[in-house]
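Here is a friendly walk through one protein model, written for someone who spends the day at the bench. Have a look at the sequence and the structure first, and then we can go through some details together.

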Amino acid sequence: MPTRGHVARELKGELRPLIRELFEKSSAGKYALSEEQFSNIITAIAEKYLPPDAPGSDWRALFSSLHIEELVLARACAAGHERAWQDFMIRYRDKLHEAALRITREDSTARELAGSIYTDLYGTSSREGQRVSKLAYYSGRGSLEGWLRTVLAQAHINTYRSSRHTVSLEEETEAGKQFATSPEPQPLPSDRRLTGAIDGALAALPGEDRCILSYYFLDDLTLARIASILRVHESTISRRLEKLVRALRKDIILRMTGAGMSRRQAEEAMETDVRDLGVDIRKQLTQDSSTPPFSSKKIVRAGEGQE
């Protein structure tokens, strides 16, 4: 299996000219981003989304598909480059407000929603002495504008969650409330090939797809409500969700068979209730963890018989 060192050696040879070409097109220089830093960024993205044994052609295809200029702008903002942040605000401030207005349908609420994400985007907080900016999670695989709409929609859902009057048992437990009941059982031992397949399949989904799954399976929003948030017709969400679930189930099975399971074993593994697995579905679908973990077999069962 190729190692990170193997990939690095290949980049210096076959892929280095392409990286240099993309670097020159990216305008990274005006944000003081070196070619080596640029190379490290897109290499990390490829290592996240491509299997270790992916051929050089797959690396070239992924690199060429990235929204390079937007990726560089986002990462420069995440690094604290002031000119990058100024350029970002000039380019996206109005678009963020327009997107927020489509979600909330009320101007003052839209401004509040858009304003609520600036701190996370700018990265004023720190973790272990390092600047933390949500823009560091943008991978360039889709447009930055589309990614920002997803961030806004998730922020809106987080506000919706926090305004609920009912609080779940899991939320109260996370808040530190004690109950005179027996401890929650620990997840049962499970085949790592299944948990790895679920993790990998969810991680590979584009941000908007993960957002739709989160809305429907975690937040129990109706198709009509999701369609309203994303400004599309309800039937579009219905078709997209059905296709997404079917493709996700197929990908999970493919990953399990690729890890050594037989087709029959993989199908049987899909019958496992995710409540019995040590898989943090919420963490994969959304960075927020304020609501109960995913607790049904909807995703793994919904695609049955539709492959």
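Let us begin with a cysteine: Cys211 has a relative accessibility of 5%, which is under the 20% cut-off, so it counts as buried. Cys77 is buried as well, with a relative accessible area of 1%. Please keep in mind that this is a predicted model. As for disulfides, the structure holds zero of them.

Ser139 joins these two cysteines in the table of buried residues below.

| Residue | Relative accessible area | Class |
|---|---|---|
| Cys77 | 1% | buried |
| Cys211 | 5% | buried |
| Ser139 | 13% | buried |

**Helix H4 and what follows**

How many of the eleven residues of helix H4 are buried? Ten of them are, so this helix, spanning residues 68-78, is largely enclosed by the rest of the structure. Cys77 is one of these buried residues, and the list also includes charged-letter entries you can look up in the sequence, namely Glu70 and Arg75. Ile68, Leu71, Val72, Leu73, Ala74, Ala76 and Ala78 complete the buried set of H4. Just after this helix comes Gly80, whose phi is positive at about 90 degrees.

**Ser139 in its loop**

Where is Ser139 found? Its place is the loop that runs between strand S2 (130-131) and helix H8 (144-162). At 13% relative accessibility, Ser139 is buried. Beyond its neighbours within four places in sequence, Ser139 is in contact with Ile45, Tyr49, Leu66, Leu71 and Arg75. Of these partners, Leu71 and Arg75 are among the buried residues of H4.

**Helices H2 and H3**

Helix H2 (residues 35-49) packs against helix H3 (residues 56-65) at an angle of about 120 degrees, and their axes are 10 Å apart. That angle falls between the perpendicular range, 65 to 115 degrees, and the antiparallel range, over 145, so H2 and H3 are oblique to each other. From H2, the contact is made by Ile42, Thr43, Ile45, Ala46 and Glu47, while H3 supplies Trp59, Leu62 and Phe63. The crossing of H2 past H3 is right-handed.

**The protein as a whole**

Stepping back, the protein has 16 helices and two strands. Of its 307 residues, 41% count as buried. Its accessible surface comes to about 17,000 Å², and carbon and sulfur atoms account for 50% of that. Among contacts with a separation of 6 or more, 67% link residues 24 or more positions apart.

Note on methods: Residues numbered from 1 in each chain as written. Predicted model: local features only at pLDDT ≥ 70, side-chain atom pairs only at ≥ 80, totals over all residues. Heavy atoms only, no water. Helix = DSSP H or I, 4+ residues; strand = E, 2+ residues; numbered from the N terminus. Buried < 20%, exposed > 50% of the residue type's maximum accessible area, 1.4 Å probe, protein only. Contact = heavy atoms within 4.5 Å. Areas by Shrake-Rupley, 256 points an atom, 1.4 Å probe, with all protein chains shown as cover. Disulfide = S-S within 2.5 Å. Axes fitted to C-alpha atoms, helices over the stretch in contact; angles between N-to-C directions. Parallel < 35°, antiparallel > 145°, perpendicular 65-115°, else oblique. Left-handed = near helix turned anticlockwise from the far one by under 90°.
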